[in-house]
Amino acid sequence: MMLKIGVPSKGRLMEKTFEWFGSRGVTMRQTGAEREYSGAVDGVEGVELVMLSAGEIPRELAAGRIHLGVTGSDLVRDKLADWAVQVAELAPLGFGHADLIIAVPSCWIDVDTVDDLDAAAAAFRAVHGFRLRIATKYHRLVREFLTAQGVADYQLVDSQGATEGTVKNLTAEAIADITSSGETLRANHLKILSDSVILQSQAMLFASRSADWAEAREVLERLAGQVGLAMPEI
Ligand SMILES: Nc1ncnc2c1ncn2[C@@H]1O[C@H](COP(=O)(O)OP(=O)(O)OP(=O)(O)O)[C@@H](O)[C@H]1O
Ligand SMILES: O=P(O)(O)OC[C@H]1O[C@H](OP(=O)(O)OP(=O)(O)O)[C@H](O)[C@@H]1O
């Protein structure tokens, strides 16, 4: 095996990734038991499948432990500083669409934009003596966005899941998370700030710039030919 490709090990992203490659003549499948994280690839010689958490794929690419990886563009941009130096985007895959947004309680009738949030944050601090809390797992992207918008009077609190619940649980006043249908936000009585789309994400095929490409380049050429991609410059 000469080229390692990391794919999400479970859920919708895994299924859609298998479908995307499968419809292009590259069959990926889980081997062993349903929950065993091992896989195989048919249709192109020399490709090894590595089943990984979607959130770990950016780091594995940056470390050069996998040559290719499928994950959300949100995760790559958030987890890697200077992501474009470390990885190359080979192809958007057309699934896993989600927007990273900021949301506040629907009952905050005076807060509809990021500017309004800025004003509310200053008022919040004056009244409560601490900074308004925004729960998120996207620390880098949210910080960069708010800095660019001139918002400083806030603190991020880490939330690795069920982020929309933090407002009800009184551990945050606002959240920054991905949304797709908007159902989770609505169910938790939150509304999106109208100008707060930080990133429109989707699943992408990435290549590592630091992996050892000496032997893998030839495999990539065959794989790219098979799935209909122009041979990337890496
Ligand atoms: N509701 C959704 N609709 C579309 N895409 C989504 C949705 N939720 C998450 N995604 C995308 O799927 C990718 C993986 O998300 P996330 O890290 O939440 O997955 P996970 O299933 O918790 O994976 P793991 O815990 O194994 O890292 C992200 O790029 C994200 O943008
Ligand atoms: O707009 P919607 O269609 O409702 O989707 C958005 C939800 O999907 C993701 O959660 P996921 O189910 O991956 O679980 P998580 O809370 O562990 O991230 C995301 O974190 C939102 O909570």
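Biologist: Thanks for sitting down with me! Which residue follows helix 5, and what is the sign of its phi?

Modeller: Happy to help, and do keep in mind that this is a predicted model. Directly after helix 5 comes Gly-129. Its phi, near 80 degrees, is positive.

Biologist: What end-to-end distance should helix 5 have, and what does the model give?

Modeller: Helix 5 covers residues 114-128, which makes 15 residues. At 1.5 Å a residue, the expected span is therefore 21 Å. That agrees with the distance between the end C-alpha atoms, which is 20 Å.

Biologist: Let's turn to the sheet. In what order do its five strands lie?

Modeller: The sheet is open and its pairing is mixed. From one strand to the next, the twist averages 30 degrees. Reading across, the order is 4-1-5-13-6.

Biologist: Which strands stand at the edges, and why is one side of each left without a neighbour?

Modeller: An edge strand has a single partner strand, so one of its sides has no neighbour in the sheet. That applies to strand 4 (47-52) and strand 6 (87-92).

Biologist: Do tell me about strand 1 and strand 4: how many bridges join them, and which residue stands opposite Pro-8?

Modeller: Strand 1, residues 3-8, runs parallel to strand 4, and six bridges join the two. Opposite Pro-8, in strand 4, stands Leu-52.

Biologist: Which helices lie across strand 1, and at what angles to it?

Modeller: Helix 1 (residues 11-22) lies across strand 1, strand 5 (68-72) and strand 13 (203-208). Helix 9 (residues 216-227) lies across strand 1 and strand 4. The angles to strand 1 are about 135 degrees for helix 1 and about 55 degrees for helix 9.

Biologist: What about the hairpin of strand 2 and strand 3: which residue there takes a positive phi?

Modeller: Strand 2 (residues 27-31) and strand 3 (residues 38-42) run antiparallel and are joined by five bridges. Met-28 has Val-41 in strand 3 as its bridge partner. Six residues lie between the strands of this hairpin, and the residue with a positive phi, near 75 degrees, is Gly-32.

Biologist: Now the ligands. Which residues come nearest to ligand 1?

Modeller: There are 15 residues around ligand 1, with helix 1, strand 5 and helix 3 (73-79) each giving two or more. By class, the shell has five nonpolar, nine polar and one charged residues. The nearest are Ser-53, Ala-54, Gly-55, Gly-72 and Ser-180.

Biologist: Where does ligand 1 lie with respect to the domains?

Modeller: Domain 1 comprises 3-97 + 203-227, and domain 2 comprises 98-200. Both give residues to the shell around ligand 1, so the ligand lies between domain 1 and domain 2.

Biologist: Which element gives the largest share of the shell around ligand 2?

Modeller: The residues around ligand 2 include Glu-164, Asp-177 and Glu-183. By class, the shell divides into two nonpolar, six polar and three charged residues. Two elements give two or more residues, namely strand 10 (174-179) and helix 8 (183-187). The largest share, three residues, comes from strand 10.

Biologist: One last thing: what classes of residue are on the side of domain 1 that touches domain 2?

Modeller: Taken over C-alpha atoms, the centres of domain 1 and domain 2 are 31 Å apart. Their contact takes five residues from domain 1 and eight residues from domain 2. By class, the domain 1 side has no nonpolar, two polar and three charged residues.

Note on methods:
Residues are numbered from 1 along each chain as its sequence is written. Chains are lettered from A and ligands numbered from 1 in the order in which they are written. This is a predicted model: local features need pLDDT of at least 70, side-chain atom pairs count only at pLDDT 80 or more; totals for chains, interfaces and linings use all residues. Two strands pair if DSSP finds at least two bridges between them. Helices (H or I, at least four residues) and strands (E, at least two) are DSSP runs, numbered from the N terminus. Axes are lines fitted to C-alpha atoms, for helices over the stretch in contact, and angles run from 0 to 180 degrees between N-to-C directions. Two residues are in contact if their C-beta atoms, placed from the backbone, lie within 7 Å. A residue is near a molecule or strand if its C-beta atom, placed from the backbone, lies within 6 Å of it. Ala, Val, Leu, Ile, Met, Phe, Trp, Tyr, Cys and Pro count as nonpolar, Asp, Glu, Lys and Arg as charged, and the others, Gly among them, as polar. Domain bounds come from an automatic or database domain assignment. The expected span of a helix is 1.5 Å times one less than its number of residues.
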